[in-house]
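Welcome, and thanks for opening the viewer. Let's take a walk through this model together, one selection at a time.

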Amino acid sequence: RLHAIVASGAVDDAELGRPTDPEGADRLATLARSLTTPTKAPGMVVAAVVHAEVVAADAFTSHNGFVARAAERLTLVGSGVDPASVTIPEMGHLASGAAYRSTLAGYRDGGRDGLHSWLLQAIRSYAAGAEAAADLVR
């Protein structure tokens, strides 16, 4: 559904919301199943993994990053980290530049080190996004 929203008008209607890569679709299905399983993981960690998994799945013809960031934001809201959706995690990701892309690539390539680096990067982005939101209200 997120892909259908963010890619509307940019891709053929037949492609909206439909994964085109079978491996990516399987990865998204696994993510969806894991999100319905209770966890003690902090909401920020879950949101970071959601973001990275959607990017790593690369299931859609376009807009995978937009879908990942929207899913991340919804996870932050739904997990109670940011219930009013006032922080701007996207600003934190943007401000981190190449580190955002390289740590996502490290996550996708696998291994504990890639996961660890991505989680640290995401948490820094969430902090920067909270600061950006605070600056807007000052």
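## A tour from loop to core

Our starting point is His63, a partly exposed residue with a relative accessible area of 22%. Keep in mind as you look around that this is a predicted model. Select His63 and you will find yourself in the loop between H3 and H4. Check the backbone here too: His63 is not a glycine, yet its phi is positive, at about 65°.

Stay in this loop and select Asp58, which also lies between H3 and H4. Asp58 is another residue other than glycine with a positive phi, near 45°. With a relative accessibility of 48%, Asp58 counts as partly exposed, because the exposed class begins over 50%.

**Zoom out to the whole chain.** Switch to a cartoon view. How many helices and strands are there in the protein chain? You should see seven helices and zero strands, so from the N terminus on the elements read α-α-α-α-α-α-α. Along the principal axes, the C-alpha atoms fill a box of roughly 45 × 35 × 30 Å. The radius of gyration is 15 Å, which agrees with the value near 14 Å that a compact globule of 138 residues would have. Contacts also link distant parts of the sequence: of those with a separation of 6 or more, 64% are between residues 24 or more positions apart.

**Now turn on the surface.** The protein chain exposes about 7,900 Å², and carbon and sulfur atoms supply 59% of that area. Of the 138 residues, 36% count as buried. Colour by charge next: there are 12 positive and 15 negative side chains, and the centres of these two sets lie 6 Å apart.

**Hide the surface and go inside.** In soluble globular proteins, nonpolar side chains tend to be buried together. Here, the largest nonpolar core has 23 residues. To find its best-connected members, select Leu28, Ala48, Val54, Leu104, Trp118 and Tyr126, which have the most contacts inside this core. Then colour helix H2 (22–35), helix H3 (43–57), helix H4 (64–78), helix H6 (98–109) and helix H7 (112–137): each supplies at least two residues of the core. Which helix gives the most to this core? That is H3, with eight residues.

**Centre on Trp118.** Show everything in contact with Trp118, leaving aside its neighbours within four places in sequence. The set is Ala48, Val49, His51, Ala52, His93, Tyr100, Thr103, Leu104 and Tyr107. Two of these residues, Ala48 and Leu104, are familiar from the core selection.

**Step along to Leu115.** This residue is in helix H7. Is Leu115 buried or partly exposed? Its relative accessibility is 33%, so Leu115 counts as partly exposed. Beyond its neighbours within four places in sequence, Leu115 is in contact with Val49 and Tyr107, and both of those residues also contact Trp118. For a distance to display, draw a line between the C-alpha atoms of Leu115 and His51: these residues are 64 apart along the chain, and the atoms are separated by 12 Å.

**Last stop, Gly97.** Look for Gly97 in the loop between helix H5 (89–96) and H6. Gly97 is partly exposed, with a relative accessible area of 21%; a residue counts as buried under 20%. Finally, draw a line from the C-alpha atom of Gly97 to that of Ala32, 65 residues apart along the chain, and the separation reads 28 Å.

Conventions. Residues numbered from 1 in each chain as written. Predicted model: local features only at pLDDT ≥ 70, side-chain atom pairs only at ≥ 80, totals over all residues. Heavy atoms only, no water. Core = buried A, V, L, I, M, F, W, Y, C linked by side-chain atoms within 4.5 Å. Buried < 20%, exposed > 50% of the residue type's maximum accessible area, 1.4 Å probe, protein only. Helix = DSSP H or I, 4+ residues; strand = E, 2+ residues; numbered from the N terminus. Contact = heavy atoms within 4.5 Å. Rg over C-alpha atoms; globule rule 2.2 N^0.38 Å. Areas by Shrake-Rupley, 256 points an atom, 1.4 Å probe, with all protein chains shown as cover. Lys, Arg positive; Asp, Glu negative; His and termini not counted. Charge placed at Lys NZ, Arg CZ, Asp CG, Glu CD.
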